[in-house]
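The following paragraphs walk through a structure, strand by strand and then chain by chain. Please keep the sequence and the coordinates open while reading.

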Amino acid sequence: MTRVGWLKLVFFLVCLAPLAGLFWKAATANLGANPIEIITRATGKWTLTFVLVTLAITPLRKLTAQPWLIRFRRMLGLFAFSYGCLHFLTYIWLDQGLDIHSMTKDVSKRPFITAGFTAFVLLIPLAVTSTRRMIQRLGGRRWQWLHRLIYVSATAGVTHFLWLVKKDISRPVIYATILCMLLSYRVVVWAMPAVLGRRRRAAAMADVAGD
Amino acid sequence: MLIKKPADVASSEITLRRAYLSRRAFMAGGAAAGASLLAGRKLLEMAFLTQVVRAGTKLNTVKGPFGTDEKLTPFKDVTTYNNFYEFSTDKDGPAQLARDFRTRPWQVRVEGLVQKPRTFDIDDILKLASLEDRVYRHRCVEGWSMVIPWVGYPLSALLKQVDPLGKAKYVEFTTILDPKQMPGQRSRILDWPYIEGLRLDEAMHALAILCLGLYGEALPNQDGAPVRIVLPWKYGFKSAKSIVKIRLVEQQPISTWNRAVPDEYGFYSNVNPEVDHPRWSQKMERRIDGSGIFGSLKKIPTRMFNGYGDQVGQLYAGMDLRKYF
């Protein structure tokens with residue numbers, strides 16, 4: 001196996017650690033008084049964390065000039081989706097007891113559930129089109145456009161977190177701040193050529209005028 | 001769904017709890033022996049915690065009215081799952097952070113529109129009336145509930161000592177302000193000190209108690225030691241903890257949660273499955289009764305006034321409870 005291959009394997013196991021931790025706590029009856037709340041919060045936290053880490057790959061590899069980092073992005077994204085599935089399953093099964101009626105009401109009536117549900121649903125097409133074959137079938141450009149849905153999903157996910165807390169918003173604000181930074185990077189990169197180009201033209205004009 | 005038990009098992013339940021805790025420590029010990037260092041540390045923490053919550057002195061109690069035959073929430077859950085923002089917004093925070101909270105000396109000032117304003121010492125409060133075991137349902141506004149064997153006596157017994165004036169219409173409770181001891185008060189999550197309030201007739205109701213203990217022992221710090229209010233027909237946050245002042249007033253007090261988020265937390269905050277919290281439903285609740293993941297799978301329906309409608313319903317006769325939520 002290559003070096004990146006080994007690293008990927010190690011990373012894969014590290015990404016499983018939060019889940020292993022939950023299982024360990026459940027097995028030793030250490031999930032506290034309200035186990036379902038603990039499971040819901042942990043899976044939710046790790047979903048959002050993996051979404052943000054996935055979004056951090058591009059800025060990180062560009063700013064540090066480490067192109068190999070891109071090889072971790074799909075795995076991290078799929079971990080975000082996996083933890084998202086666990087979070088969603090916890091909600092529909094452990095929390096709502098598979099009561100479809102109460103759930104459909106919840107999704108339409110509770111803004112924080114609507115936001116969370118949106119965030120999760122938007123991850124599905126990204127996970128489905130994550131294989132090499134799907135990238136080839138869609139074509140790079142279309143695939144890239146589709147995968148920009150992650151920006152919407154991440155924003156909905158952080159909003160879901162912000163809206164569900166009772167009063168102490170310190171933790172959701174940390175996630176919101178990091179997301180803002182990661183999205184700002186994209187805006188800057190997207191706007192930069194235009195701004196630079198304009199400045200260069202202006203400078204050239206000034207040169208001409210000055211001489 | 002509920003395991004029926006006679007109402008008067010509270011004292012034997014305490015022995016069971018001890019046995020249960022030591023059995024758990026034994027089993028966890030066996031598991032940890034073969035496991036990592038990290039787990040060993042966790043176990044130490046657990047053992048230490050158990051020791052601390054046991055430190056509560058035994059109280060002499062008599063059986064009180066309004067019992068229930070529902071399964072009691074284990075002592076461990078009552079003392080490790082707490083909403084006590086003065087210490088932490090994490091439920092498991094208060095048990096750790098309130099460990100060294102000083103509850104002696106402690107005084108409670110009762111003043112305002114009363115004939116005889118007075119400062120009570122906590123040890124006098126403990127002797128003011130006979131301490132009753134009151135097994136109450138406790139419903140949190142967040143959607144979980146417990147069944148707790150509180151120890152206390154009617155709040156009215158204390159209020160009668162100061163002779164409220166005819167003008168007095170409301171009672172205001174103030175929790176201690178002590179950011180040095182209470183780390184949560186160092187951040188501005190809420191306006192400190194914590195204020196709660198009741199209409200005088202609510203405060204004089206036989207269900208409203210001045211609470212000094214639980215499970216036959218003095219109140220653990222994380223549950224509002226040394227003295228708190230317990231109002232079983234209202235959402236938990238109405239029952240102010242670690243109180244230092246009771247003031248009788250003419251105008252309706254502005255409670256802390258009401259000031260913070262007026263459209264989510266009303267002055268009355270009676271348990272009401274028909275009036276949703278703006279962000280979540282109040283129709284169901286998850287009963288914390290020690291049965292773990294699989295036991296708490298099913299939620300139970302929330303009852304009007306938390307099942308105390310027969311006792312307190314007439315207090316709100318003719319009121320629009322959607323308006324006065």
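**A central strand and its partners**

Strand β8 (residues 209-214) of chain B runs antiparallel to β5(B), and five bridges join the two. One of the pairs in this arrangement is B:P154 with B:I209, the latter being the bridge partner in β8(B). The model is a predicted one, and what follows should be read as a description of that prediction.

β5(B) is a useful place to begin, as several elements can be reached from it. On the hairpin side, strand β4 (residues 132-139) of chain B pairs with β5(B) in the antiparallel sense, over eight bridges. Within this pairing, B:Y136 has B:I148 in β5(B) as its bridge partner. Four residues lie between β4(B) and β5(B) in the hairpin, and B:G143 in the turn has a positive phi of about 105°. β5(B) also takes part in a parallel pairing: two bridges join it to strand β12 (residues 284-287) of chain B. There, B:R286 in β12(B) stands opposite B:W144. Both senses of pairing are ordinary in general terms, since strands of a sheet pair through backbone hydrogen bonds, either parallel or antiparallel.

How many residues of β5(B) are buried? The count is 11 of the 11, so the strand is largely enclosed by the rest of the structure. A residue counts as buried here if 20 or more other C-beta atoms lie within 10 Å of its own.

The same strand appears again in the packing. The largest nonpolar core has 69 residues, and those that touch the most other members are B:W150, B:L155, B:I209, B:L210, B:C211, B:L212 and B:I229. Strand β5 (residues 144-154) of chain B supplies the largest share of this core, seven residues. A second core, separate from this one, has 28 residues, among them A:V53, A:L55, A:L126 and A:L182. For a closer view of the larger core, take B:L212: beyond its neighbours within four places in sequence, its contacts are B:L59, B:L126, B:L131, B:V151, B:G152, B:A218, B:L219, B:P226 and B:V227.

Two loop residues of chain B can be set beside this buried strand. B:C140 lies in the loop between β4 and β5 of chain B. With 17 other C-beta atoms within 10 Å, B:C140 is partly exposed. Not counting its neighbours within four places in sequence, B:C140 is in contact with B:N83, B:S145, B:Y235 and B:G236. The C-alpha atoms of B:C140 and B:V271 are separated by 8.8 Å, although the two residues are 131 residues apart along the chain.

The other is B:L128, found in the loop between α5 (122-125) and β4 of chain B. Why is B:L128 classed as partly exposed? The class follows from its 15 other C-beta atoms within 10 Å, because partly exposed covers the range between the exposed limit of 12 or fewer and the buried limit of 20 or more. Residues up to four places away in sequence aside, B:L128 touches B:A157 and B:L158. B:A157 is 29 residues away from B:L128 along the chain, with 7.7 Å between their C-alpha atoms.

Chain B also holds an open sheet of five strands, in the order β3-β2-β11-β6-β7, with mixed pairing. Its edge strands, each pairing on one side only, are β3 (118-121) and β7 (195-199) of chain B. On average, neighbouring strands of this sheet are turned by 20° against each other, direction ignored. Inside the sheet, strand β2 (residues 107-112) and strand β11 (residues 243-249) of chain B run parallel and are joined by four bridges. B:E111 and B:R247 in β11(B) stand opposite each other.

Chain A is built from other elements: nine helices and zero strands. Its C-alpha trace spans about 80 × 50 × 35 Å along the principal axes. The radius of gyration of chain A is 21 Å, whereas a compact globule of 211 residues would have one near 17 Å. Of the 211 residues of chain A, 23% count as buried. Among the contacts in chain A with a separation of 6 or more, 67% are between residues 24 or more positions apart.

Finally, the two chains meet. On the side of chain A, 16 residues are in contact with 22 residues of chain B. The chain A residues on that side divide into nine nonpolar, four polar and three charged.

Notes
Residues numbered from 1 in each chain as written. Chains lettered and ligands numbered in written order. Predicted model: local features only at pLDDT ≥ 70, side-chain atom pairs only at ≥ 80, totals over all residues. Contact = placed C-beta atoms within 7 Å. Nonpolar A, V, L, I, M, F, W, Y, C, P; charged D, E, K, R; others polar. Pairing = 2+ DSSP bridges. Axes fitted to C-alpha atoms, helices over the stretch in contact; angles between N-to-C directions. Core = buried A, V, L, I, M, F, W, Y, C linked by C-beta atoms within 7 Å. Rg over C-alpha atoms; globule rule 2.2 N^0.38 Å.
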